[in-house]
Amino acid sequence: MDKKKNQIVGRLEEFSDVLPNPFYWLDLKQKYIGVNACTIDVTGTRSFKKDFAEKTPLDIYPREMAEEIIEHHKEVIQRGEVIRVEESIENLLTKEKKYFTATIAPLYDEKQNIIGTCGISIDVTKEKLLTKQLEIANAAKTEFIANMSHDIRTPLTGVVGMASSIARNSTDTRSRDEASLLMKSGMELLAMHNEILEQVKAGEDKFSPKSVVFSIRDMINDLITLIEPNVRVKKLELMVSIDDTVSDCHEGMVTLVQSVIHNLITNAIKFTDIGHIKLSVKEENKNNECSEVIITVEDTGSGIAQDDRDKIFEKFVRLTPSYETNSGDGAGLGLSIVMDNLSKLAGRIELESVLGKGSCFTVYFPLKKTSHKSAASDNMTSGKDFSNKLPLMPASQSKSYEKNDEVARGIPHSRLQVLLVEDNEIAAISAKTILEENGCQVTVANAGEEALKLTENQIFDLIFMDIGLPDKNGMEVSEIIRKREKANSLKPVPILALTGHGKEAEAECLNAGMNRVFSKPLLADSIGEILGYYFGVDRSDTPKKS
């Protein structure tokens, strides 16, 4: 090494030794030219001369760690620019592993030729460990929320189901009315439970919906199917207008778009007792690649005072406390969820309202243009025909087993063999009662293994499968049933998932081979529609219980 290089190295050593972070420089062959005192301390080595001089990382560190270091320095030489990377270094004496963010830059001679590399590493071990702890805590929180969701929702659905049964079958007017009130209260609790859970999930960092190709018309058809029962209960008129300017297909985060529209409509239903709700959709071109979708939800409800218009978008804010109105309508989260989702969609919202006359919410958000559907959008309902549709959860972008829906129609319900897989006693009694009222022959399994034994020895026309079972979960059981059917060339039996976990379980259920996913509670109207969809309407042969 010539005199000039020795002078440079000497100056670098003097400067680097006062740095509180590892500092090092290598030649073009990845041999160490120098390291500072902190590098020696962090690596557990003795000195530069004894452990680094004329050596490469492969001569000093474990192979995996050394190859990572060499790769980074080669990249700097090849690109001729500064890079920032994450590295881990193991102390050779204590075997303690630390994590660093390294900034590596090229070294030049007086002719601006690269003669090597130098780097400085910042210790981020504490931050790394904290991140891991937060990930563990978030995972525990997610599991806790999922368990609590199931544990709260399951008994609630049992209460609603049994109240529904009493309301249908009681001959006493007072008992029937009281059961109807009990059912309504239970449904309000379930709605509030779902609303809070949706807000919690939306706040999680891992909540990042994917951008997919979808049809706005199909998506709205699915949402209307979900919402129509609530509109009928309040005897409101629901009008839907989709302008001819709206393209057949768009690309965007369909989950967020669904949530925005659903929350706006359900909010309108809550605060409208007389009149109508109107959903309007139109589209305006922004450029060749993107268009702006404009969705308006108008109602003839209670309206919002001028001073309250900013408050309604805050979390857990209700303009009139429930103890003043005796109303259990929501947790005050619907519009805050709309705002959160619009921010992720790069959208905005406008509000016009007259107190006592109604409100009009208009949202604007951009979507990419596209000329073809994806496989995901093909699973959505097409056209504007809302007849012969099941009360499904929103359409999934996951694998669907709708091909299995081609089952024998026209079978009298009294000949149907139905397997109900449900571990909650009350939920099982409620669903079994409704199925038997429709004339079905019902077998109940309380666990996954029991269901597998029954399906091995008996042919069923329809299976209702709870996904939260004490041994194997519903997805595992369904996968085994599908494998058996394929191995024995059997026609797939429709498997309908019953879940208290909400729509986040839908993709996993469909991927496991289930046909459809339903949120608990499964009430009489839903079961009647399911049987009608799969086996035809059965008016004459079904012995109804009185």
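Which residue takes a positive phi in the hairpin of β3 and β4? Select K95. In this hairpin, K95 has a positive phi near 65°. The two strands have 6 residues between them. Keep in mind that this is a predicted model.

**The whole protein**

Zoom out before going further. The protein has 546 residues, and 47% of them count as buried. Its secondary structure comprises 16 helices and 17 strands. Take the contacts with a sequence separation of 6 or more: residues 24 or more positions apart account for 65% of them.

**Stop 1: the β3–β4 hairpin**

Go back to the hairpin and select residues 83-90, which are β3, and 97-108, which are β4. The two strands run antiparallel and are joined by 8 bridges. Highlight E90 and K97: K97 in β4 is the bridge partner of E90. Now pick S88. Opposite S88 stands Y99 in β4.

**Stop 2: the antiparallel sheet**

Widen the selection to the sheet that holds this hairpin. Its 5 strands follow the order β2-β1-β5-β4-β3. The sheet is open, and the pairing is antiparallel. At the edges you find β2 (32-35) and β3, each of which pairs on one side only. Ignoring direction, neighbouring strands are turned by 25° against each other on average.

Add residues 63-79. This is helix α4, and α4 packs on the sheet. The helix touches β1 (23-27), β2, β3, β4 and β5 (114-123). The direction of α4 makes about 160° with that of β3.

**Stop 3: two residues with positive phi**

Select Q30 in the loop between β1 and β2. Q30 is not a glycine, yet its phi is positive, at about 60°. Is Q30 buried or exposed? Q30 counts as buried, because its relative accessibility of 7% falls under the 20% cut-off.

Next, select E54 in the loop between α3 (48-51) and α4. E54 is also a residue other than glycine with a positive phi, here near 60°. E54 counts as exposed, at 56% relative accessibility.

**Stop 4: the parallel sheet**

Move along the chain to a second sheet. Here 5 strands form an open sheet with parallel pairing, in the order β14-β13-β15-β16-β17. Which strands stand at the edges? They are β14 (441-445) and β17 (516-519). Each has a single partner strand, so one side of each is left without a neighbour in the sheet. From one strand to the next, the twist averages 20°.

Look closer at residues 417-421 and 462-466, which are β13 and β15. These strands pair in the parallel sense over 4 bridges. Label L419: opposite L419 stands I463 in β15.

**Stop 5: helices across the sheet**

Show residues 425-437, helix α12. This helix lies across β13, β14 and β15, running at about 165° to β14. Then show residues 448-457, helix α13. α13 lies across β13, β14 and β15, and runs at about 140° to β14.

**Stop 6: α13 against α14**

Keep α13 on screen and add residues 474-487, helix α14. Two packed helices are described by the angle between their axes and the distance between the axes. For α13 and α14, the angle is about 20° and the axes are 10 Å apart. The two helices are therefore roughly parallel to each other. Their crossing is right-handed.

Now display the side chains at this contact. From α13, select G448, A451, L452, T455 and E456. They meet V477, I480, I481 and R484 in α14. By class, the contact has 5 nonpolar, 2 polar and 2 charged residues.

**Stop 7: two buried serines**

Select S165 in helix α5, residues 125-169. S165 is buried, with a relative accessible area of 9%. Setting aside residues up to four places away in sequence, S165 touches T433 and E437.

Finish at S353, in strand β11 (residues 348-354). S353 is buried too, with a relative accessible area of 12%. Which residues is S353 in contact with, leaving aside its neighbours within four places in sequence? They are G303, I304, R309, G358 and S359. Draw a line from the C-alpha of S353 to that of Q306: the distance is 8.0 Å. In sequence, S353 and Q306 are 47 residues apart.

Conventions: Residues numbered from 1 in each chain as written. Predicted model: local features only at pLDDT ≥ 70, side-chain atom pairs only at ≥ 80, totals over all residues. Heavy atoms only, no water. Pairing = 2+ DSSP bridges. Axes fitted to C-alpha atoms, helices over the stretch in contact; angles between N-to-C directions. Contact = heavy atoms within 4.5 Å. Parallel < 35°, antiparallel > 145°, perpendicular 65-115°, else oblique. Left-handed = near helix turned anticlockwise from the far one by under 90°. Nonpolar A, V, L, I, M, F, W, Y, C, P; charged D, E, K, R; others polar. Buried < 20%, exposed > 50% of the residue type's maximum accessible area, 1.4 Å probe, protein only.
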